Amino acid sequence: MAHQHSIPSIDLSDFTSGNAQRKAAFVAQLGEAYETVGFVAVKNHGIADQLIADLYKYVQDFFALPYETKRRYEIPALAGQRGYTSFGKEHAKGFDAPDLKEFFQFGQTVEDNDPVAKEYPNNVQVAEVPSFSPTFFQAFRGFETSGKALLQAIAIYLGLDEFYFDDKVHNGNSILRAIHYPPITQEPASAIRAEQHEDINLITLLVGASADGLQILDKNNHWVPVTSLPEQIVVNVGDMLQRLTNNRMKSTTHRVVNPPREKWNTSRYSIPFFLHPKSTVKLDCLESCVDADHPLAYAPITAGEYLDERLREIGLKK
Ligand SMILES: O=C(O)CCC(=O)C(=O)O
Ligand SMILES: [Fe+2]
């Protein structure tokens with residue numbers, strides 16, 4: 001396994017190649033990385049370069065709109081889950097100071113007759129950037145496909161059926177979030193664009209953040225920069241997978257720090273895909289992850305109940 005950077009690098013084509021040996025090696029690499037670092041850089045992830053380039057373009061076009069226009073896409077009743085959330089609204093769990101970011105969230109589109117459809121608010125269409133929604137939709141499906149393959153590898157590693165997660169994430173409550181960290185215009189109160197936190201969901205897929213700044217907290221409590229190559233996406237464990245695995249897989253703390261002063265005038269964009277199961281899915285710890293050395297660490301809870309609790313903690317839900 002190549003340790004080019006602070007996080008292990010893996011190749012998703014090993015898993016999908018049809019070669020049993022390469023597939024088994026991938027499962028072992030991913031599983032070991034998730035038991036230790038909680039983050040991997042994945043190449044051959046299956047999301048087309050052009051799609052990612054388009055996504056970034058429309059995201060930049062959207063955030064470049066005047067605030068008066070963007071705020072029309074902010075819908076307080078939706079707790080930030082769809083549409084725009086303005087600068088300074090969200091803060092990390094346990095912190096009062098808001099993050100230095102604005103963002104836009106795009107959610108699930110149910111295309112079959114699954115009754116879960118009625119749980120999901122409609123996505124918000126951006127009239128000024130007509131290609132925004134169709135591109136987000138295409139990217140959303142692309143991330144779901146890559147994410148499903150990664151969850152299949154995780155299932156095998158955990159001794160579950162390979163397709164254990166498939167129906168749990170089909171029509172799941174996943175979110176594609178575009179984030180803009182605006183240029184810094186004066187000495188900031190905190191050196192942090194996004195305060196330290198753990199992600200809520202099963203796994204997060206993050207396409208090439210447009211600038212440095214992402215850091216993870218290693219097991220010696222040191223902040224380590226995460227760097228990835230342009231052809232890689234960063235994929236990390238979230239709290240739901242940590243909980244399901246009774247802490248066997250690590251939802252690693254991460255943050256985004258401010259750039260050095262000479263780069264204050266630059267924006268940072270990033271587009272994480274938070275892969276969630278359906279709200280009715282139980283996050284009770286897997287039996288295979290509980291034994292005398294690893295006593296049960298969490299009470300039973302559903303994904304929906306857990307998400308609700310966390311959205312209150314980060315100030316998005318009242
Ligand atoms: O901006 C980034 O690179 C990461 C953002 C992040 O960690 C999050 O939104 O959960
Ligand atoms: Fe995060």
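Which residues point one way from strand 4, and which point the other way? I would like to begin there, and I should say at once that what we are looking at is a predicted model. From strand 4, Glu102, Phe104 and Phe106 point one way, while Phe103, Gln105 and Gly107 point the other way, and all of them are buried. In a regular strand the side chains alternate between the two faces of the sheet. Strand 4 covers residues 102–107, and six of its six residues are buried, which leaves the strand mostly covered.

Let me turn to the neighbours of this strand. Strand 3, residues 83–85, pairs with strand 4 in the antiparallel sense over three bridges, and within that pairing Thr85 stands opposite Phe103. Strand 5, residues 175–181, also pairs with strand 4 in the antiparallel sense, here over six bridges, and the partner of Gln105 in strand 5 is Arg177.

Now I will step back to the whole chain. Its secondary structure comes to eight helices and 12 strands, and the C-alpha trace spans about 55 × 45 × 40 Å along its principal axes. For 318 residues, a compact globule would be expected to have a radius of gyration near 20 Å, and the chain, at 19 Å, agrees with that. Of the 318 residues, 41% count as buried, and if we take the contacts with a separation of 6 or more, 75% of them are between residues 24 or more positions apart.

What about the interior? In soluble globular proteins, nonpolar side chains tend to be buried together. Here the largest nonpolar core has 72 residues, and the members that touch the most others are Leu30, Val40, Ala153 and Ile203. The element that gives the most to this core is helix 5, residues 132–157, with 10 residues. If we leave aside residues up to four places away in sequence, Leu30 touches Ile10, Val40, Leu150, Ala153, Ile154 and Tyr157.

A second leucine deserves a look, namely Leu55, which sits in helix 3, residues 49–63. Leu55 counts as buried because it has 23 C-beta neighbours inside 10 Å, where the cut-off is 20 or more. Again not counting residues up to four places away in sequence, Leu55 touches Thr135, Ala139 and Ile271. Its C-alpha atom is separated by 9.1 Å from that of Ala178, although the two residues are 123 residues apart along the chain.

Strand 11, residues 254–257, gives us another picture, for it has a covered face, made of His254 and Val256, and an uncovered one, made of Arg255 and Val257. Strand 6, residues 192–197, runs antiparallel to strand 11 and is joined to it by three bridges, with Ile192 standing opposite Val257. Strand 8, residues 214–217, pairs with strand 11 in the antiparallel sense, also over three bridges, and there the bridge partner of Leu214 is Val256.

I will finish with helix 8, residues 303–313, whose buried residues are Ala303, Tyr306 and Leu307. Seen down the helix axis, these buried residues fall within an arc of 100°, and they therefore line one face of helix 8. An α-helix has 3.6 residues a turn, so residues three or four places apart point the same way. The buried residues of helix 8 pack against helix 7, residues 239–244, and after helix 8 comes Gly315, which has a positive phi near 85°.

Technical notes: Residues are numbered from 1 along each chain as its sequence is written. Chains are lettered from A and ligands numbered from 1 in the order in which they are written. This is a predicted model: local features need pLDDT of at least 70, side-chain atom pairs count only at pLDDT 80 or more; totals for chains, interfaces and linings use all residues. A nonpolar core is a set of buried Ala, Val, Leu, Ile, Met, Phe, Trp, Tyr and Cys residues joined through C-beta atoms within 7 Å. A residue is buried if 20 or more other C-beta atoms lie within 10 Å of its own, exposed if 12 or fewer, and partly exposed in between; C-beta atoms are placed from the backbone. Helices (H or I, at least four residues) and strands (E, at least two) are DSSP runs, numbered from the N terminus. Two residues are in contact if their C-beta atoms, placed from the backbone, lie within 7 Å. Two strands pair if DSSP finds at least two bridges between them. The radius of gyration is taken over C-alpha atoms; the globule rule is 2.2 Å times the number of residues to the power 0.38. The arc is that of the directions from the helix axis to the C-beta atoms.
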